[in-house]
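Visitor: I'm new to looking at protein models. Could you walk me through this one and explain the words you use?

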Amino acid sequence: MGGPVASLVLQISASRRRVTTIYSLIAFGGLVTIFAAGYALDAVRTKLMFQFGGVLASAIIAGGLIVMAGCLVGTAIAIKNRAPASSSQTASFTPDLPYPKSYSQASLAAAAGALTAAVIVARSRAVRAFMARHPRP
């Protein structure tokens, strides 16, 4: 009786080690991705800093991150408030939109960009001064 139990325990422990290794690698990959995103944001901020100055560059990055956070929170709220559907309902559901779905996504992206630009212009004296020196034709 001890042989099959020992074999089962050995298989379970090997499986647990394998699963632990897999999830540890996934977590480490997630951390590396977060660090890479931080370095990418720093690179973008440095490029913007040489073009517009340090404060405005930081404001642009912060505005973009705030818009992204708002989009993520809005998506989470929309998913939370949506009623769960059964698999048969999900498979047969096709929305009847009067326009292509890409139009609504593009308009939301444009609205987010416009909101970011409006916040930056409203909060930055340097941008307002630049716009005052270079009026539109």
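Guide: Sure, let's go through the model and check each label as we go. Keep in mind that this is a predicted model.

Visitor: What secondary structure does the chain have?
Guide: The chain has 5 helices and 0 strands. Read from the N terminus on, the elements go α-α-α-α-α.

Visitor: Why is Ile22 called partly exposed?
Guide: Buried means under 20% relative accessible area and exposed means over 50%, with partly exposed in between. Ile22 has a relative accessible area of 36%, so partly exposed is the label for Ile22. You'll find Ile22 in helix α1, which covers residues 2-52.

Visitor: What makes the nonpolar surface patch?
Guide: Val19, Ile22, Tyr23 and Ile26 do, and the patch comes to about 390 Å². A residue needs over 30% relative accessible area to count for a patch. Ile22, at 36%, therefore passes that cut-off.

Visitor: How much of the chain is buried?
Guide: Buried residues make up 8% of the 137 residues. As for the accessible surface of the chain, that's about 11500 Å², and 70% of it belongs to carbon and sulfur atoms.

Visitor: Which elements give two or more residues to the lining of the largest pocket?
Guide: The largest pocket holds about 190 Å³ of space. Those elements are α2 (54-81) and α4 (101-123). α2 gives the most, with 5 residues.

Visitor: How do you know how many lining residues are nonpolar, polar or charged?
Guide: You sort the lining by residue type, and the split is 7 nonpolar, 2 polar and no charged. Among the lining residues are Gly70, Cys71 and Leu108. Cys and Leu count as nonpolar while Gly counts as polar, so Cys71 and Leu108 go in the nonpolar group and Gly70 in the polar one.

Definitions and conventions: Residues are numbered from 1 along each chain as its sequence is written. This is a predicted model: local features need pLDDT of at least 70, side-chain atom pairs count only at pLDDT 80 or more; totals for chains, interfaces and linings use all residues. Side-chain values use heavy atoms; hydrogens and water are left out. On a 1 Å grid over the protein atoms alone, a cavity is a set of points where a 1.4 Å probe fits but cannot get out, and a pocket is an open set with protein on both sides within 12 Å along at least five of seven lines; lining residues have an atom within 4 Å of a point. Grid points are joined across faces, edges and corners, and a volume is the space filled by probe spheres set on the points. Helices (H or I, at least four residues) and strands (E, at least two) are DSSP runs, numbered from the N terminus. Patches are made of residues with over 30% relative accessible area and no salt bridge: like charges are joined within 9 Å, nonpolar side chains (Val, Leu, Ile, Met, Phe, Trp, Tyr) within 5 Å. Accessible areas come from the Shrake-Rupley method with a 1.4 Å probe; for residues, only the protein chains shown count as cover. A salt bridge is a side-chain nitrogen of Lys or Arg within 4 Å of a carboxyl oxygen of Asp or Glu. Buried means under 20% relative accessible area, exposed over 50%, partly exposed in between (1.4 Å probe, protein chains only).
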